[in-house]
Amino acid sequence: MGLKTLGAATAVALAMAGAAVADGHAKVKVGVITTLTGGGAGLGVDIRDGFLLAVKQSGNDGIEVVVEDDQRKPDVAVQLADKMIQSEKVDILTGIVWSNLALAVVPSATAQGKFYLSPNAGPFQLAGKGCHENYFNVAWQNDNLHEAAGAHATSVGYKNSFILAPNYPAGKDALKGYKRMYSGDLAGELYTKLGQTDYAAEIAQIRASDADSVFFFLPGGMGISFLKQYADSGIDLPVVGPAFSFDQGILQAVGDAALGVQNTSQWNKDIDNPANKDFVETFQAEYGRLPSLYASQGFDTANLIISAMGKADVKDQDAFRAALKEADFASVRGKFKFGNNNHPIQDIYVREVIKEGDVYTNKIISTGLTDHQDVYAAECKL
């Protein structure tokens, strides 16, 4: 079965029934709950596709993957997690895009003795006092890319930013992160509705302000809508933001309006290491598109699991947890390690939106933060 044949909301088993890992370890069953339909579906599709590509490339018949669509609804995500834990008997859960869904699912999953590996959402509540030995974040803590954006805005001399983000946990983390490392003043601070598509009122407030720059975090379709409307408005203020609003899946829809915008990310397709070069080539060959940040995170998450499977039996939780913590895999980011709270310590880059032929994409122009760890790790007792 080729990866391209996978249906959006289909449960997929990528292993032979009863198969065992070659070294005698028990088979590992992974439940991927992610957003595959509705608003933000592109993010979940990329996470799923990156994850499944890594499984396919590994040739490891000891991993079984079940995929379900959470429809970006917390109640649906909780129901799916309960079904996967109680009926499907999964060992590991992963896949969630949105922080409000992660906060609804992760504490219950870890309390039931399951591992949860986040390929995206990184709310502060799970990084600090609410950290758990069975919860690993393979992407970032929510504040991190925004902290790098704030540091970058300061370094280029912005003095009066207008900032906005959706009114949900990751949006609040975003603005908090930007302000943590931005030393200027704020011309305005707004929280928008999650899923909003009309930003006329917000753009009018930006126009009426004395801002010298705009920072926004609006992932998925929200970012597409805002950027197009902002470009049409004629406002000529420079924009800075995290990768989520300037990533590969969004740029083609935005077009020229995004050119030249500088944004922050822990990954880009031009990071120079063998694992990343191979990932970009094979993802494009498999799916007919360039990978996104989200695809890279899904890919790394699967490879982390596979690396742990080679060292420990998932039924021996202490040993498997230690194997996950080692992070002994070839990350597409290059160097990768976990901090005490099981969140990455990593470099975060500044990228610029460019055009290569007919394709809008990003290139790295500098390193924004080096070996960066989230501030909440100090509150984690692990």
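This briefing describes two buried residues and one helix of a predicted model. Local features require pLDDT of at least 70 and side-chain atom pairs count only at pLDDT 80 or more, while totals for chains, interfaces and linings use all residues. Residues are numbered from 1 along each chain as its sequence is written, and side-chain values use heavy atoms, with hydrogens and water left out.

**Gln297**
- Gln297 lies in helix α10 (residues 293–309); helices are DSSP runs of H or I with at least four residues, strands are E runs of at least two, and both are numbered from the N terminus.
- Gln297 is buried, at a relative accessible area of 0% (buried is under 20%, exposed over 50%, with a 1.4 Å probe and protein chains only).
- Beyond four places in sequence, Gln297 touches Pro119, Asn120, Ala139, Trp140 and Gln266, contact being heavy atoms within 4.5 Å.

**Helix α11**
- Phe320, Arg321, Ala323 and Leu324 are the buried residues of α11 (residues 317–326).
- Viewed down the axis of α11, these residues fall within an arc of 160°, so they line one face of the helix; the arc is that of the directions from the helix axis to the C-beta atoms.
- Asp318 and Glu326 are exposed on the other side of α11.
- The buried residues of α11 pack against β3 (92–94), β4 (115–118), β5 (135–137), α10 and β11 (337–338).
- Ala327, just after α11, has a positive phi of about 50°.

**Leu218**
- Leu218 occupies the loop between β8 (213–216) and α7 (221–233) and is buried, with a relative accessible area of 0%.
- Its contacts beyond four places in sequence include Leu164, Pro166, Phe226 and Phe244.
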